Amino acid sequence: MQIEKTAIDGVVIIHPDVFEDERGYFMESYSLKKWREAGLDYVFVQDNESKSAKNVLRGLHFQKPPFAQDKIVRVIRGAVMDVAVDIRIGSPTYGKHVCVELSEKNKLQFLLPAGMAHGFVAREEGTVFAYKVTAAYAPQSEGCLLWNDPDLGIDWKCASPLLSAKDQKGERFRDFVSPFKM
């Protein structure tokens with residue numbers, strides 16, 4: 001397993017060891033021992049999975065403290081452009097974002113510490129997306145930033161995304177009061 005740092009402190013791309021041959025492949029998608037050896041000390045309590053049609057955009061979501069979630073995400077089938085936005089007050093990258101392509105082919109994983117708004121857009125029909133999180137979902141703690149907020153400047157590379165009613169009404173970043181501190 002290799003850890004690749006990004007421009008946002010704590011957000012990393014994980015390159016798992018993948019063993020392939022003519023029969024297929026094998027990989028450890030998570031190993032507590034290897035994670036701890038790499039300095040990644042998270043205790044995951046829940047696994048989530050979603051399936052999305054092509055051009056479905058989910059995000060930018062987060063849970064407020066005390067239900068904030070660290071998460072590791074990956075694609076099992078298909079491909080997404082995944083986005084993390086730093087919403088930690090005092091962070092030198094507050095309001096900045098990092099994008100990464102996750103796919104069944106590249107098998108990359110994206111680690112997002114609490115204090116990130118998270119979203120993705122499915123690039124292929126039937127994309128299956130998996131999440132490991134450190135806190136259970138708490139609907140009363142949910143937050144959502146506007147996916148196409150010009151102040152965030154995210155290029156989703158998707159002209160007509162399919163959105164939920166919730167995602168269409170996300171909060172503008174300039175009006176947002178973050179509950180996260182660096």
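K33 is exposed, at 58% relative accessibility, and its partner E37 is exposed too, with a relative accessible area of 59%. For these labels, buried means under 20% relative accessible area, exposed over 50%, and partly exposed in between (1.4 Å probe, protein chains only). K33 and E37 form a salt bridge whose closest N and O atoms are 2.7 Å apart; the term covers a side-chain nitrogen of Lys or Arg within 4 Å of a carboxyl oxygen of Asp or Glu. The two residues sit four apart in helix α1 (residues 32-37), so about one helical turn separates them. Helices (H or I, at least four residues) and strands (E, at least two) are DSSP runs, numbered from the N terminus.

A word on the source: this is a predicted model, where local features need pLDDT of at least 70, side-chain atom pairs count only at pLDDT 80 or more, and totals for chains, interfaces and linings use all residues. Residues are numbered from 1 along each chain as its sequence is written, and side-chain values use heavy atoms, with hydrogens and water left out.

**Salt bridges**

By the rule above, the count comes to 10 salt bridges. Here are three of them, K33 and E37 included:

| Pair | Closest N to O | Relative accessibility |
|---|---|---|
| D21 and R23 | 2.5 Å | D21 34%, R23 74% |
| K33 and E37 | 2.7 Å | K33 58%, E37 59% |
| E142 and K166 | 2.8 Å | E142 24%, K166 34% |

In the D21 pair, D21 counts as partly exposed, whereas R23 is exposed. Over at the other pair, the side chains of E142 and K166 meet in a salt bridge. That one ties together distant parts of the chain: E142 belongs to strand β14 (residues 142-144) and K166 to helix α2 (residues 165-168), 24 residues apart. Both ends are partly exposed, E142 and K166 alike. There's also a network, with D149, D151 and R172 joined by salt bridges that share partners.

**Nonpolar cores**

Now for the inside. A nonpolar core here is a set of buried Ala, Val, Leu, Ile, Met, Phe, Trp, Tyr and Cys residues joined through side-chain atoms within 4.5 Å. The largest one has 20 residues, and L60, V85, I87, L145 and W156 make the most contacts inside it. Strands β6 (57-63), β8 (79-86) and β12 (116-122) each supply at least two of its residues. A second core, separate from that one, has 18 residues, among them I8, I13, F120 and V133.
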